[in-house]
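Q: Could you take me through one part of this model slowly, and explain how its residues are placed? I would like a careful, connected answer that I can follow along with the structure open.

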Amino acid sequence: MHMWYWFGVDLGGFLFSGYNVTTVWGLVATCLGLAALAILYEAMKISQIHLQPTVIKHVPKMTSASSESSSLLSRVTPKNFRSYTRCGNCLRWTLQILHWSLHTALGYILMMAVMTYNAYITIALVVGACIGYCIFGPTLIQLNIQYFQRKQAIMECDKNCEGNLATGR
């Protein structure tokens with residue numbers, strides 16, 4: 001196994017013991033397949049946003065005064081989370097879990113491909129990721145901005161929150 005980048009065609013057993021890459025055409029096909037997986041990885045980021053809950057419920061203000069031990073997370077109670085994961089939303093929750101698992105597994109497979117230290121494989125993955133970002137990047141940025149704007153419109157800051165925003169915390 002190489003511990004530095006190298007340009008070569010004979011990868012031997014690549015990622016799986018039965019997948020042997022020994023010819024130029026095998027390497028080209030492998031590089032094209034990995035580039036396609038890198039594009040798919042970028043596309044999955046958009047579908048993850050679509051699977052996230054579309055309605056952000058308003059969490060009522062706490063009536064007690066803020067203290068050092070209280071935080072913004074203290075407003076999210078197990079009761080709020082439980083209402084999201086009830087059977088009405090079980091399918092969406094299950095899809096989110098399955099999507100996250102597939103996205104993570106694909107990321108690890110792509111990482112293992114780079115760890116072969118074959119320069120052709122790395123170049124193919126970088127090109128595939130760049131193509132995926134060129135295709136899906138603007139949509140991803142737009143969806144993130146929309147999600148942030150919806151979240152911002154619903155949130156109401158109390159004086160402590162406004163103070164934190166002013167100081168940059």
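A: I109 lies in helix 3, and in this predicted model I109 counts as partly exposed, because its relative accessible area is 34%, which falls between the 20% limit for buried and the 50% limit for exposed. I109 also belongs to a nonpolar surface patch of about 770 Å², which is made by L15, F16, Y19, Y108, I109, M111, M112 and M115.

The helix that holds I109 spans residues 90-114, and H99 is found in it as well. H99 counts as buried, because its relative accessibility is 12% and buried means under 20%. Leaving aside the neighbours within four places in sequence, H99 is in contact with M44, S47, Q48 and L51. Two of these contacts can be described further: the side chain of H99 makes a polar contact of 2.6 Å with the side chain of S47, and a polar contact of 2.6 Å also joins the side chains of H99 and Q48.

Turning to the cysteines, a disulfide is a covalent bond between the sulfur atoms of two cysteines, and the structure holds 0 disulfides. For C134, the closest cysteine sulfur is that of C130, and the two are not bonded because they are 6.6 Å apart, too far for a bond, where the limit is 2.5 Å. C134 counts as exposed, at 62% relative accessibility, whereas C31 is buried, with a relative accessible area of 13%.

Conventions:
Residues are numbered from 1 along each chain as its sequence is written. This is a predicted model: local features need pLDDT of at least 70, side-chain atom pairs count only at pLDDT 80 or more; totals for chains, interfaces and linings use all residues. Side-chain values use heavy atoms; hydrogens and water are left out. Helices (H or I, at least four residues) and strands (E, at least two) are DSSP runs, numbered from the N terminus. Buried means under 20% relative accessible area, exposed over 50%, partly exposed in between (1.4 Å probe, protein chains only). A polar contact is a pair of N or O atoms within 3.5 Å; within protein, one must be able to donate a hydrogen and the other to accept it, and residues adjacent in sequence count only if both atoms are side-chain atoms. Contact means heavy atoms within 4.5 Å. Patches are made of residues with over 30% relative accessible area and no salt bridge: like charges are joined within 9 Å, nonpolar side chains (Val, Leu, Ile, Met, Phe, Trp, Tyr) within 5 Å. Accessible areas come from the Shrake-Rupley method with a 1.4 Å probe; for residues, only the protein chains shown count as cover. A salt bridge is a side-chain nitrogen of Lys or Arg within 4 Å of a carboxyl oxygen of Asp or Glu.
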